[in-house]
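User: I'm new to this one and would like a close look at how its buried parts are packed. Could you walk me through it in plain words?

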Amino acid sequence: MTVSSSPPKVEFYRHQLGEDEASSWRRVLDTLFLTLGPQVAAFEQDLGRYLVRDRDGAKAPHVVGTNSCSMGLVLALRALGVKPGDEIITTPMTFAATTNAILHLGATPRLVDVEAATGLIDPEAVHAAVGPRTVGILPVHLYGQLADMKALRAIADARGLLIVEDSAHGVEIERDGVRPGDLGDAAVFSFYATKNLTCGDGGAIATRNTSVAERLRRLRNHGTNKAATERHGSTYQHWDITELGYKGNLTDLDAALLRPQIARADAKRDEREIIAVRYETMLRERIPAMRGPSEGRAPWLVERRGRSSHHLFTIHATPSGRDSLLAKLGAAGIGTAVNYRAIHLLTYLAETLGIERGSLPVAEEIGDRTISLPMFPGLTTEEQDRVVDVVARSW
């Protein structure tokens, strides 16, 4: 009797860490510092240089390593002076960490709608939402595409607002010559397990303001005025706590995993670009509806804006068919995700913010329709063919 076997699962994501990263990590075990030490400092310099790559004579921003993007957002807002009672305009099309950072500081997230074509925060909605308590804007570079930073910077300058960029979805992004951290007061990155650069958990903040960078370094380390690396190598020195801080630093072990990846960041992004283009081409070929107008506000496929990191590849299913398609993909052994359900509809934020369904219709529609398909360098054409075949047969 022949027993049929199911094809292997197509994972949603697989990391590309290898011997370079393992060797770098092992070398740290032979050193004195495992946590906040010289590897963190070296990584910060590496990332700063990467952010101004191909710009002759450009000065790299200050980079401050953190233990997560979530903590980085809290630190950036705090270092820029956000306090209880302030209001920060942001997007509902994001992970909850974006709004949680605002709430942790006692401030209020003011959610505005997004562009139907991209899911990015809508500058016109931002402009309309600025009020007497508004102190800042927190755009999210969704899926790895830069928000319209030129428009947002113009609004911020006209109204005296700060900008903290949530760039969790990539360091490789560029639009109209603008990169993360170019126009914002700070940009915050994520190195979570599924991100293009990863150390499992970790983050970083880029800023061009020296005094803000100095405060960030204090805040990430309990508010101390002198880190252990600054005290090491001489006779004992007393240190002080100068403000209430956090335990929020990157570690040398994490930095050792990250440093070898920076040199390959652009090549890996280019691999993702090839996969994204192939997805778009095949989906339009196999699903005639995708060659025509969408059944809702948002298009079937997210429109391109500049150079994407391609952290995620998302499609918009029919308005009533998303969960059924998710189930069929799962039954076929294909990993998927939803990035994201509009966060004002999640239980805690619904209770806290009191924003009713219907208030942010574009974000809500995208949240009801979006599916993220497998996307990572190393995804084979055979695996991609399986994904597209299931989507096409289930449409």
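Analyst: Let's start with a word you'll need throughout: buried means under 20% relative accessible area, exposed means over 50%, and partly exposed is in between (1.4 Å probe, protein chains only). This is a predicted model, where local features need pLDDT of at least 70, side-chain atom pairs count only at pLDDT 80 or more, and totals for chains, interfaces and linings use all residues. Residues are numbered from 1 along each chain as its sequence is written, and side-chain values use heavy atoms, with hydrogens and water left out.

A handy place to begin is helix α4, residues 97-104, where Ala97, Thr98, Thr99, Ala101 and Ile102 are buried. (Helices, H or I and at least four residues, and strands, E and at least two, are DSSP runs numbered from the N terminus.) Those buried α4 residues have plenty of company: they pack against helices α3 and α12, plus the strands β2 (87-90), β3 (108-111), β4 (134-138) and β5 (162-167). Contact here means heavy atoms within 4.5 Å. Right after α4 you'll find glycine 106, with a positive phi of about 80 degrees.

Now follow α3, one of the partners of α4. Helix α3 covers residues 69-79, and its axis comes within 9 Å of that of helix α7 (residues 210-219), with the two crossing at roughly 130 degrees. (Axes are lines fitted to C-alpha atoms, for helices over the stretch in contact, and angles run from 0 to 180 degrees between N-to-C directions.) On the α3 side, the touching residues are Leu75, Ala76, Arg78 and Ala79; α7 answers with Val212, Arg215, Leu216 and Leu219.

Two of those α3 residues turn up again nearby. Ala76 is one of the residues touched by alanine 186, which sits in strand β6 (residues 186-190). Alanine 186 has 1% relative accessibility, so it counts as buried. Besides Ala76, alanine 186 touches Leu80, Ile163, Val164, Glu165, Ile205, Ala206 and Thr207, not counting residues up to four places away in sequence. As for Leu75, it belongs with Leu77, Val164 and Ala186, among others, to a separate nonpolar core of 25 residues.

A nonpolar core, by the way, is a set of buried Ala, Val, Leu, Ile, Met, Phe, Trp, Tyr and Cys residues joined through side-chain atoms within 4.5 Å. The largest one here holds 43 residues, and the members touching the most others are Leu283, Phe313, Ile315, Leu373 and Val391. At least two residues come from each of α10 (265-286), β8 (313-316), α11 (322-331), α13 (361-369), β9 (370-373) and α14 (381-394). To get a feel for the distance across to the β6 region, note that the C-alpha atoms of alanine 186 and phenylalanine 313 are 26 Å apart, with their positions 127 residues apart along the chain.

Val391 is a good guide to the 43-residue core. Ignoring neighbours within four places in sequence, valine 391 is in contact with Leu283, Ile287, Ile315, Leu325, Leu329 and Leu373. Two helix pairings run through that spot. In one, α10 and α14 pack at about 35 degrees with axes 10 Å apart. There, Ile275, Arg278, Tyr279, Met282, Leu283 and Arg286 of α10 meet α14 residues including Val387, Val388, Val391 and Ala392. In the other, α11 and α14 also have axes 10 Å apart, but pack at about 140 degrees. Leu325, Lys328 and Leu329 from α11 meet Val387, Val390, Val391 and Ser394 from α14.

Back to α10, which also helps cover the buried residues of helix α9, as do α1 (19-29) and α2 (38-51). Helix α9 spans residues 252-262 and is largely enclosed by the rest of the structure, because 10 of its 11 residues are buried. Leu253, Ala256, Leu257, Pro260 and Ile262 are among them, and so are Asp252, Asp254 and Gln261.

Finally, some loops. Alanine 337 lies between α11 and α12 (347-353) and is in contact with Phe12, Ile371 and Ser372, leaving aside neighbours within four places in sequence. The C-alpha atoms of alanine 337 and phenylalanine 12 are 7.5 Å apart, although 325 residues separate them along the chain. The α11–α12 loop also contains tyrosine 340, and the peptide bond from asparagine 339 to tyrosine 340 is cis, with omega near 5 degrees. For contrast with the buried parts, aspartate 54, in the loop between α2 and β1 (62-66), counts as exposed at 73% relative accessibility.
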